[in-house]
Amino acid sequence: MTEVIVLNGGSSSGKSGIVRCLQAVLPDPWLALGTDTLVDAMPAAMQASDTGIEFAPDGEVIVGPEFRTLEAAWIEGVAAMARAGARVIVDEVFLGGADSQQRWQKALRDVRVLWVGVRCDGAVAAGREVARGDRVIGMAASQADVVHRGVVYDLEVDTTHAESMECARAVAAHVR
């Protein structure tokens, strides 16, 4: 039985919409957690620090050692929740590509995971980014491809032309 669904995609690729739709279509209750949850939980001082996380004017995201320490603890915490019986959907941005996935794989080694790549054309994601108004311009374009480098998925969806619900139904069909 699938215990964790990890959705990986760049900023503004449509992951959050898919997560909300998954929560609506899956028969059991699923918790939604993501990298934004982690960043929002950090002290504000860490969100503009070379030891925490920085958002450069061009959209680049730079993470420091204190961020990595908290991220490692957070990943282990998500894995512990799954082991304790919570079903969890993780909304992630693998800035390090395969290295990022490996951190999750290590923590989730004894948990059944469905790995989902959420792709979106960089120009389309960039347009969504502008419309949202809550992201640094440039993040979507810079992350559209890099987050998928070397990552192995059970399933990929593409939100360039597909709606969130359509993608969620495709993911739900793979949940066992």
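1. A good place to start is helix α3 (residues 65-83), whose axis comes within 9 Å of that of helix α4 (residues 98-107), crossing at roughly 40°. That angle makes α3 oblique to α4, a label for what is left once angles under 35 degrees (roughly parallel), over 145 (roughly antiparallel) and 65 to 115 (roughly perpendicular) are set aside. Please bear in mind that this is a predicted model, where local features need pLDDT of at least 70, side-chain atom pairs count only at pLDDT 80 or more, and totals for chains, interfaces and linings use all residues. Residues are numbered from 1 along each chain as its sequence is written, and side-chain values use heavy atoms, without hydrogens and water.

2. For the terms: helices are DSSP runs (H or I, at least four residues), numbered from the N terminus. Axes are lines fitted to C-alpha atoms over the stretch in contact, with angles from 0 to 180 degrees between N-to-C directions.

3. On the α3 side, R68, E71, W74, I75, E76, V78, A79 and R83 make the contact, meeting R103, W104 and A107 of α4 (contact means heavy atoms within 4.5 Å). These residues divide into six nonpolar, no polar and five charged; Ala, Val, Leu, Ile, Met, Phe, Trp, Tyr, Cys and Pro count as nonpolar, Asp, Glu, Lys and Arg as charged, and the others, Gly among them, as polar.

4. Now for helix α1 (residues 15-25) and helix α7 (residues 164-172): their axes lie 8 Å apart, at an angle of about 60°. α1 and α7 are therefore oblique to each other.

5. This second contact joins G17, I18, C21, L22 and V25 of α1 to S164, M165, C167, A168, V171 and A172 of α7. By class, the contact of α1 with α7 has nine nonpolar, two polar and no charged residues.

Conventions:
Helices (H or I, at least four residues) and strands (E, at least two) are DSSP runs, numbered from the N terminus.
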